[in-house]
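This report is for a reader meeting the structure for the first time. It begins with one residue and then moves out to the rest of the chain.

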Amino acid sequence: TFYHKSCRIKTMKFLRLLFFSMWLLVGLWCLSCETNFIIEGFLGHSPMLNYIFSTLCVITAVGGSWLACRLLAFPRIKQEVEKDTTGKALEKWSLVRLAINSLAIFPSAICYYGLADTTALYCMLLALTASLLCIPKA
């Protein structure tokens with residue numbers, strides 16, 4: 001039991017490290033675009049392209065944030081996590097939440113600087129704020 005507990009603590013620390021690495025990557029992306037290391041507007045400027053990417057940002061940010069925040073409340077997942085005494089299920093679903101958060105944040109970050117569109121900025125801020133509710137913890 002002690003071995004399982006120390007393993008679970010190490011895994012949760014690793015998941016937290018991944019979580020903060022995701023934030024660091026977003027910060028580095030934004031910094032490199034703000035300092036013109038990556039040129040703003042690299043995706044082009046067409047109304048149709050703006051519409052498609054803005055829709056993608058809204059869908060991934062709102063849908064992904066909601067899904068990541070509610071994932072552990074789904075009955076099947078909740079039951080699996082509650083029945084598991086080793087903590088493996090919580091680790092697995094925490095990793096899935098982290099992946100969903102990343103898929104909610106990164107398209108908006110890329111589209112904001114790629115199109116210079118404020119819709120993507122608001123979507124990125126929404127997804128980043130929602131990710132704070134999903135910090136991996138034991």
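Leaving aside its neighbours within four places in sequence, which residues is Arg-97 in contact with? The model in which this is answered is a predicted one. With those neighbours set aside, Arg-97 is in contact with Ala-68, Leu-71, Leu-72, Leu-133 and Cys-134. Arg-97 itself is part of helix α4. Arg-97 is buried and has no salt bridge. Glu-82 is the nearest side chain of opposite charge, and Glu-82 is 12 Å away from Arg-97.

**Overall layout**

The protein chain has 138 residues, and buried residues make up 36% of them. The chain contains 5 helices and 0 strands. Along the sequence, the pattern is α-α-α-α-α. Taken along the principal axes, the C-alpha atoms fill a box of roughly 60 × 30 × 15 Å. Of the contacts between residues at least 6 apart in sequence, 78% join residues at least 24 apart.

**The nonpolar cores**

The largest nonpolar core holds 19 residues. Val-26, Ile-105 and Met-124 are the residues with the most contacts inside this core. The elements that give two or more residues to this core are α1 (2–34), α2 (47–70), α4 (88–115) and α5 (118–131). Among these, α4 gives the most, with 7 residues.

What surrounds Ile-105, leaving aside its neighbours within four places in sequence? Ile-105 is in contact with Met-22, Val-26, Ala-127, Leu-128 and Ser-131, once those neighbours are left out. A second core, separate from the largest one, has 7 residues. Ala-68, Leu-71, Trp-93 and Ile-100 are included in this second core. Ala-68 and Leu-71 were also named above as contacts of Arg-97.

**Helix α5**

Helix α5 has 14 residues. From its first C-alpha to its last, α5 reaches 20 Å, close to the 20 Å expected at 1.5 Å a residue. The buried residues of α5 are Ala-120, Cys-123, Met-124, Ala-127, Leu-128, Ala-130 and Ser-131. Why do these buried residues lie on the same side of α5? They cover an arc of only 160° around the axis, and therefore they sit on the same side of α5. An α-helix has 3.6 residues a turn, so residues three or four places apart point the same way. On the other side of α5, Tyr-122 and Thr-129 are exposed.

Thr-119 also lies in helix α5. With a relative accessible area of 29%, Thr-119 is partly exposed. Leaving aside neighbours within four places in sequence, Thr-119 is in contact with Ser-54 and Val-58. Between the C-alpha atoms of Thr-119 and Ser-65 the separation is 16 Å, and these two residues are 54 residues apart along the chain.

**The salt bridge**

How many salt bridges does the structure hold? The structure holds 1 salt bridge. In this salt bridge the side chains of Lys-92 and Glu-80 meet at 2.9 Å, N to O. The pair links distant parts of the chain, with Lys-92 in helix α4 and Glu-80 in helix α3 (residues 75–83), 12 residues apart. Lys-92 is partly exposed, with a relative accessible area of 40%. Glu-80 also counts as partly exposed, at 26% relative accessibility.

**Positive phi in two loops**

Most residues other than glycine have a negative phi, and most peptide bonds are trans. Asn-36 is not a glycine, yet the phi of Asn-36 is positive, near 65°. The position of Asn-36 is in the loop between α1 and α2. Ala-116 also has a positive phi although it is not a glycine, and the value is about 55°. Ala-116 is found in the loop between α4 and α5. The table gives these two residues with their values.

| Residue | Phi | Loop | Relative accessible area |
|---|---|---|---|
| Asn-36 | near 65° | between α1 and α2 | 57%, exposed |
| Ala-116 | about 55° | between α4 and α5 | 41%, partly exposed |

How values were computed:
Residues are numbered from 1 along each chain as its sequence is written. This is a predicted model: local features need pLDDT of at least 70, side-chain atom pairs count only at pLDDT 80 or more; totals for chains, interfaces and linings use all residues. Side-chain values use heavy atoms; hydrogens and water are left out. A nonpolar core is a set of buried Ala, Val, Leu, Ile, Met, Phe, Trp, Tyr and Cys residues joined through side-chain atoms within 4.5 Å. Buried means under 20% relative accessible area, exposed over 50%, partly exposed in between (1.4 Å probe, protein chains only). Helices (H or I, at least four residues) and strands (E, at least two) are DSSP runs, numbered from the N terminus. Contact means heavy atoms within 4.5 Å. The expected span of a helix is 1.5 Å times one less than its number of residues. The arc is that of the directions from the helix axis to the C-beta atoms. Lys and Arg count as positive and Asp and Glu as negative; His and the chain ends are not counted. A salt bridge is a side-chain nitrogen of Lys or Arg within 4 Å of a carboxyl oxygen of Asp or Glu.
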